[in-house]
Structure formats: C-alpha cells, structure tokens
Amino acid sequence: MSEQARPATYRTFDEVEETLSPAEQRFERLRRTSGLVAGPVAAVVVYLLCSGLDEPAQKLAGILSLVIVWWMTEAIPIPVTAMLAMALCVALGVAPAEEVFALFGNSTIFVFIGGFVLAEAMRKHGLDRRFAYRVLSIPGVASSTVRVVVAFGLISASISAFVSNTASAAMLMPIAMGIIGFLAGRVSAQSDEDADPDDVRRLRFSTALLLMVAYGASVGGLLTPVGSPPNLIGRELITQETGEEIPFFTWMLLAFPVVALMFVALCLVLLRLNRPETKRIEGAEEFIRGQRSELGPMGAGGRNTLIAFAVTVTLWIFPGAVALVTGGEGEFYDTVAAHLQEGAVAILGAALLFLLPIDWPRRQFTITWNDAARIDWGTIVLFGSGIALGGLLGSTGLAATMGSGLSDLLGVSSLVSITILATVIAVVISETTSNTASVGVVAPIAIQLALAADVNPAIPALAAVFGASYGFMLPVSTPPNAIVYGTGLVPITRMMRSGIVFDVIGIVIIVAGVTTMASVLGIG
C-alpha cells in the first residue's frame, strides 16, 4: 500500500473533505465547529453542577466533559484532545505531573510500539497480500461470491488478532478493491437483476465485501490483548483496580467463543441484508492465480518478518500456556512470567527486524528506522492518555460517584444488570467516538459500579472493553468503518442498517459470552 493510499486514523476536516459529498461536508463542518464551542461550555456547566464533589473530582468532571465532547465531534484530532486533557489535569491541580504522566512509562505502551513495528514490516514486505491471496486461492473460494465475502472476513479477523484493527482494514482494502474491480462486472453480467456493470456502488456484493473487511477487523481484534487498543487499556485498568492480571493465553480462551459466535452472526446477517446479486463468478480463480504469480517468491524480508512475528507470538503465549499447566503457581511459572513480560517481548520481536539482514554486504536489514517511525503514534498517545484518565477517575473518586449515581438512577445491583449496562454504554459511546477513548471512560465506571454492588468487577469491565469495539453503525464509529466508507462504495444507509443489527446481536453475545467464560476461567 502506497504512502498516498494509506488511510490516516485521525483526520482533520481538510484531509477528509475531498472524499465527502457536499451534504456530508456541511454536516462535518457543523459537527466539528459546534463541538469546538460546545466542549468548553459543557466543561463549565458540568464543573458548576458538580460543586458537591471534592475539588479534584469536580475539576476532573469538567475536563472529562470537554474531552468527551471534543472526542465525539473531533473538533481537534483525538490524540491532541487526550494530551490536552492531561495537561489541564496538571495545570488545574487535579493531580501532580508525576502522577498524571507516569503511565506513559507503562510497559503496555511498548506492546503497542512493538506490535505496530511488526505490522509495518508485514505491510512493507507484502505479507498481508500473500496471506489474503493464499486464502482466496483455496479451491472453490474465489468462484463463489458468498465464500469470497466469508474468506475476507476470516482474513480480516485473523490479521486483526495480532495487528491493530485500523492496520488490518488498511492492509486489506487495496486487495478488496482490486477484487471488486475485477469481479463486479462479472457479478453484474451474471446476475438476473437489472444492474449497471459499471456502477459497482450499487452492487450489494461490493457492500457486503467491504463491510465484512471492516466488521471482521473489529471482531477479530478482540481475540488477543494486542489485537485492539481497548483490550490493553481495559486489562490494565482491571489490574490497577483489582490487582488481578489476565495472561495473554487466558485472554484468548476468554475471547474465542465471543469472537467465533459474532463472526458467525456477521456472515449470516451481513449476507442476508446484502445478498450478492449472483452466487458464482466465472474467471475469478484465474484472476487470483494471476495476482499471486505477480507477487513472485517470498524474499528475505518476508521470511525475516515471519520469523520475528512467530518468535513474538510464541513468547507472548508461552506464560499463559505454562499457567494453564501449572495453575499459575510454582517457581517455574513465576520465572517465566517475570522475564517474558509482554512489553519486553514486543520490543524484542521488533528489534529482530533491525537485526535480521536482507542484504548483509550492504548492511540492509528487514526494516529501517524510517519505516518504524511511520507507525500510528496517535493511538499510542491516546492509549497512554486513556490509562491516565482512567486512573484519575479512580483516584479522585469520580468513577465511584458516577457508578453509584447510575446504580441509584437505574436500580442496577446484580452482576448481570451491571454487565448489560456497561456493555450498552460502551457500544453507544463507541458509535460516536474512538473505541480507545470510550473504554477509558466506561471501564473505570463499570469497575466502581461492580465494587459498590460487591460483585466481580472484572466481568463488567471486560464487557465494556468488548463493547467498545462493537461500534458498527456509523463511519465515525471505528477507523475500519471510516476506511471502507471512504471508498465511496458503501452507502451510509446500508452501513447503518447492518450496524444497528450487529450492535444488538453483539450486546447479547458479549454479555452471555464474557459472563460465562470469565466464570469458567476463574477471572475475578
């Protein structure tokens, strides 16, 4: 994927203006401008309304109101809002600088950095395209519209399990567009319906394929802690508040049933709502074979990237596998857990890319520092800020106050009702703002609400984490949604219709799946 084609995660209005219709431009201009004014107004109003709280909590409530409004409206880039919030916390005396900025030294940030560097190496050496074309070349897949859509969902979910949702969708989008360009005319020609073969925007096949790329990335990102930023944020907040750590492998065992059930729902409902115009496509398998042959044999860079990726994932999973055998006890497990910390493993894996050569005489290695510098630093900043704001919500007592207020207002006191509430709030908030941002707000409140009710806080917190990734309805809900919407081939009405169905299904699956698996695995 070229630098020009690479989608930006956080874009200003002038960067998205060309991709929007005149009506959408007017809406975006109004949304961002009104948010710029509404944010400070909301901060002042909430600050005055919270006069009964301790001063640090009162100030944090005002700052958080500003942050939420600006995150929802994208008045300024989301990571900048996050950094501004931290600066305001220090300037207004919510907490000292050492406390506010301390979490930028959190080891989980280095999990992000290492994972993003590995993802950049995959993109550079074309492993994403090789993987996608390898799956599509399985006999019988490319010739069926249904199997093409399902296969792309599997590819998107699989990549997203170890690479950020945004990067996964960005990797697959050029491949999906190439296949649409080749197959759309054949879909139209072989359809019994009156379809314009030159207007791929009107094809349900195009919509189904692109939405599957976006939704598959969001769902697959839940499978591992490193698959999506909210996973690591939520896991860190649970550790901070309860002292319990959830190992990499345990997280995978927890998430797998939820991911599997949601993926089945994606396939059934998405293909039902956007039924492809024809079932079979002639000539598709030859097209895929041609695309694979153009890639040629895998070079040293691709092999080195696979080695670094395999080493990293193995070391990530190993402590959890040992815990499964030993019950998380014993000297061997303690040694493994202490030395194979996930942040350190991620950096070791990324460092291998700078050590494994592709041309030793010329001292060329798998990636360069300039390659590594292209990673998504905005998400890293947002992650650190989200953890810091979540910690301040707890330390100032604001999360406990908000949790008890919600409990009194809605009458929720059981584990199931608190889990449902946390999931619904996370899904709703994630529809209008970053999933990373939403989990930093919802998870601390869910934890305090559970603690006040004397129930397991890990379950509603995990449900909030999962719910934050289940914003399917709008282009602004998640970066993958924005990426596919930016192609111009997904009508907003179809995205909203599909998304609202998946939001409801997702809430049910999350509540049932997280509650059941957390109990089975003894989490909390």
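## Briefing: surface, cavities and salt bridges

At 39% relative accessibility, Arg 29 counts as partly exposed, where buried means under 20% relative accessible area, exposed over 50% and partly exposed in between (1.4 Å probe, protein chains only). This is a predicted model, in which local features need pLDDT of at least 70 and side-chain atom pairs count only at pLDDT 80 or more, while totals for chains, interfaces and linings use all residues. Residues are numbered from 1 along each chain as its sequence is written, and side-chain values use heavy atoms, with hydrogens and water left out.

**Helix α2 and its surroundings**

- Arg 29 is found in helix α2; helices here are DSSP runs (H or I, at least four residues), numbered from the N terminus.
- Between the C-alpha atoms of Arg 29 and Thr 73 the separation is 9.9 Å, and the two residues are 44 residues apart along the chain.
- Helix α2 spans residues 22-49 and also holds Val 41, a partly exposed residue with a relative accessible area of 47%.
- Val 41 joins Leu 36, Val 37, Val 45 and Leu 49 in a nonpolar patch on the surface, and together they have about 470 Å² of accessible area.
- Such a patch is made of residues with over 30% relative accessible area and no salt bridge, with nonpolar side chains (Val, Leu, Ile, Met, Phe, Trp, Tyr) joined within 5 Å and like charges within 9 Å.
- Accessible areas come from the Shrake-Rupley method with a 1.4 Å probe, and for residues only the protein chains shown count as cover.

**Salt bridges**

- Side chains of opposite charge can pair when their charged atoms come close.
- The count comes to three salt bridges, each being a side-chain nitrogen of Lys or Arg within 4 Å of a carboxyl oxygen of Asp or Glu.
- Glu 55 pairs with Lys 59, with 2.9 Å between the closest N and O atoms.
- Both sit in helix α3 (residues 55-73), and because they are four residues apart, about one helical turn separates them.
- Glu 55 itself is partly exposed, at 47% relative accessibility.
- Lys 124 and Asp 371 meet through their side chains in another salt bridge, at 2.6 Å from N to O.
- Lys 124 lies in helix α6 and Asp 371 in helix α17 (residues 369-372), so this pair ties together parts that are 247 residues apart in sequence.
- Asp 371 also meets Arg 374 in a salt bridge, at 2.8 Å from N to O, and Lys 124, Asp 371 and Arg 374 are thereby linked in a network.
- Within this network, Asp 371 is buried at 8% relative accessible area, whereas Lys 124 is partly exposed at 34% and Arg 374 is partly exposed at 36%.

**Cavities**

- The structure holds four cavities of 30 Å³ or more; a cavity is a set of points on a 1 Å grid over the protein atoms alone where a 1.4 Å probe fits but cannot get out.
- The largest cavity has about 70 Å³ of space, a volume being the space filled by probe spheres set on the points, which are joined across faces, edges and corners.
- Its lining includes Val 111, Phe 112, Phe 162, Val 226 and Leu 232, where lining residues have an atom within 4 Å of a point.
- Helix α6 (residues 107-124) gives the most to this lining, with four residues.
- The lining of the largest cavity divides into seven nonpolar, two polar and no charged residues; Ala, Val, Leu, Ile, Met, Phe, Trp, Tyr, Cys and Pro count as nonpolar, Asp, Glu, Lys and Arg as charged, and the others, Gly among them, as polar.

**A contact across the chain**

- Thr 166, in helix α9 (residues 165-189), is buried at 13% relative accessibility.
- Its C-alpha atom is 5.6 Å from that of Pro 479, and the two residues are 313 residues apart along the chain.

Definitions and conventions
Helix = DSSP H or I, 4+ residues; strand = E, 2+ residues; numbered from the N terminus. 1 Å grid on protein atoms, 1.4 Å probe; cavity = no way out; pocket = protein on both sides within 12 Å on 5 of 7 lines; lining within 4 Å.
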